[in-house]
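Hi,

Here is the model I promised to pass on. Have a look at it first, and my notes follow underneath.

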Amino acid sequence: MAEALLADADVIVVGAGLGGGIAARALAEAGLSVLVVEKGDAGLRAEETPLNPDIRDPVARRLRGFWPDPAETEVDGRRARLFLPLGSGVGGSSVFYAATLERPARHDIEEMPGRPHPTGGWPMGWSDLAPWFDEAEHALFVHGEPDPLDDRPEPRLAVPPPPAPDDAAIMRHLTANGMHPYRLHGALAHLPGCAECFGRKCPRPCKMDGRSAGIEPALATGRARILTGAAVTRILMRGRVARGVEIVQDGAARRLFARHVVLAAGALSSPGVLLASADEDWPQGVGNGAGLVGRHLMFHLNEMFALWPGRAAGSGASKAVGFRDLYHAQGHRLGMVQAMGVAAGEGEILHYLRQRAAERGLTGRLPREGLRLPAALAARMLGTARLFVGLLEDLPDRENRVTADPAHPGRIAFTYRTAPEADLRRRLFRRLIRQAFRGRRILFLSDRAEPNLGHACGTLRMGRDAGAGVTDAFGRVHGTANLWVADASVFPTSMGVNPGLTIAALALRQADRIERELRWG
């Protein structure tokens with residue numbers, strides 16, 4: 001009986017992260033039966049586990065909700081085998097994320113006078129997305145202040161608590177320098193006694209993520225189910241129709257069937273599923289007739305810097321300050337600047353240095369004590385500094401891509417090159433950031449482009465037709481009737497803000513479309 005019930009779901013959702021979780025909730029609340037299939041484990045709600053790249057054992061990583069396997073990467077010609085900052089389990093990576101959920105700018109979506117778009121615009125207008133940003137802010141309990149530079153209404157944005165003294169001091173300083181700072185848009189419920197839980201799982205439903213705002217409400221409807229520890233190996237296709245998925249669970253292969261399939265495995269994994277689903281109707285992989293599956297990989301390029309906020313500030317880490325004065329500056333697409341919610345302590349610096357060393361293939365050549373001494377010296381030098389980041393928009397390049405290895409199905413592998421034009425924009429961005437904080441000491445933490453490996457996007461990009469993209473404006477794979485993608489892989493551009501709110505908005509819009517098609521045809 002259970003087998004038949006699971007196989008008869010209206011919709012199978014592959015992946016329990018932010019996109020998959022929000023889509024599953026919306027579909028279940030619309031009255032549809034939903035089966036979520038997740039590679040990772042369910043975990044325990046009582047866990048309070050920090051994301052830790054130093055844990056290398058696959059079993060230990062899986063038990064903690066980390067992506068279990070190292071990725072094969074090539075960044076700017078440097079090959080490395082490293083663990084990416086990704087989650088694997090209920091909630092996916094979002095259970096560890098910083099809960100910053102910002103709307104993109106209108107010029108991210110549409111071609112606007114004086115603000116050329118790198119792709120000519122997404123295959124929809126701003127008005128097509130605006131209502132879904134409202135719904136996503138409501139579902140994720142997003143709070144913050146409106147951006148002073150933007151007059152677009154945000155009716156579902158909740159009022160934030162009063163700013164901490166250090167945040168207020170930083171904002172006063174930025175305002176005096178001609179900037180327009182505001183309280184960042186975050187997805188925290190602010191329950192009594194709630195501590196900040198950035199970079200870690202939280203045992204309380206304080207942080208709104210793919211688990212607390214998606215999977216758990218979906219299961220509460222009684223119309224959604226979840227299979228954990230189930231890796232999807234392929235989409236089962238019959239011509240244009242997705243019939244279901246093939247999974248491996250506890251070493252056994254199994255097939256599950258549904259009327260629609262939503263792929264939300266993430267921008268680094270979803271392309272591999274489509275490529276592995278090749279058959280006689282799709283010899284190059286599903287949706288890959290134009291050879292675009294896995295291509296146009298983008299990240300944000302992080303410009304991380306330490307800021308000494310001055311004597312008026314307190315001692316806590318700032319997570320509430322952001323500004324967009326540099327989002328589009330001097331004719332260039334740059335990005336927003338925001339606090340990271342991290343004080344520059346020895347542990348945080350050591351974590352950062354180890355991650356950079358792994359990305360550059362230096363881990364095996366470090367001395368016995370590794371990077372502890374440099375981290376301790378840096379912590380003494382930085383003192384009470386706060387960490388900020390400028391999110392530099394990454395532009396699409398067809399040659400940056402996720403690759404598939406038939407010998408290791410499911411393994412993440414990608415090749416990425418920083419474009420020369422990105423280095424020119426980086427230098428401009430840094431100069432403008434220094435000007436924005438003039439009068440305060442800041443220190444950039446890297447002298448080279450640092451791709452944010454947690455912000456991968458673009459590998460199954462939207463396009464108006466199959467020659468321009470893998471999916472249409474609703475995330476439906478071109479040439480299919482009922483196969484959809486609900487993660488950041490559909491982004492045509494990376495934009496200048498964190499991807500989370502856009503993932504959720506697109507998932508809600510897609511779920512509405514699926515529900516309408518199932519009910520009305």
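V34 has A224 in β6 as its bridge partner. β6 covers residues 224-227 and runs parallel to β2, with four bridges joining the two; strands count as paired if DSSP finds at least two bridges between them. Strands here are DSSP runs of E of at least two residues, helices are runs of H or I of at least four, and both are numbered from the N terminus.

Before going on: this is a predicted model, so to speak of a local feature I needed pLDDT of at least 70, side-chain atom pairs count only at pLDDT 80 or more, and totals for chains, interfaces and linings use all residues. Residues are numbered from 1 along each chain as its sequence is written, and side-chain values use heavy atoms, with hydrogens and water left out.

Back to β2 (residues 34-37). V34 and V36 point one way, L35 and V37 the other, and all are buried, meaning under 20% relative accessible area with a 1.4 Å probe and protein chains only (exposed is over 50%, partly exposed in between). That fits the usual pattern: in a regular strand, side chains alternate between the two faces of the sheet.

β2 is also joined to β1 (residues 9-14) by four bridges, again in parallel, and I12 stands opposite L35. Put helix α2 (residues 18-29) together with β1 and β2 and you get a right-handed β-α-β unit; right-handed means that, with the strands pointing away from you, the path from the first strand over the helix to the second runs clockwise.

α2 also packs on α7 (residues 211-220), at an angle of about 35 degrees and with the axes 7 Å apart. The axes are lines fitted to C-alpha atoms over the stretch in contact, and angles run from 0 to 180 degrees between N-to-C directions. G21, I22, A24, R25 and A28 of α2 make the contact with A213, G214, I215, P217 and A218 of α7, where contact means heavy atoms within 4.5 Å.

Two single residues to finish. N452 sits in strand β19 (residues 450-457). Why does N452 count as buried? Because its relative accessible area is 15%. N452 touches F299, H300 and N302, leaving out residues up to four places away in sequence.

R115 is in the loop between α4 (106-109) and α5 (126-139), and counts as partly exposed because its relative accessibility is 33%. Beyond neighbours within four places in sequence, R115 is in contact with H107 and H328. The C-alpha atoms of R115 and R333 are separated by 8.3 Å, though the two are 218 residues apart along the chain.

Cheers
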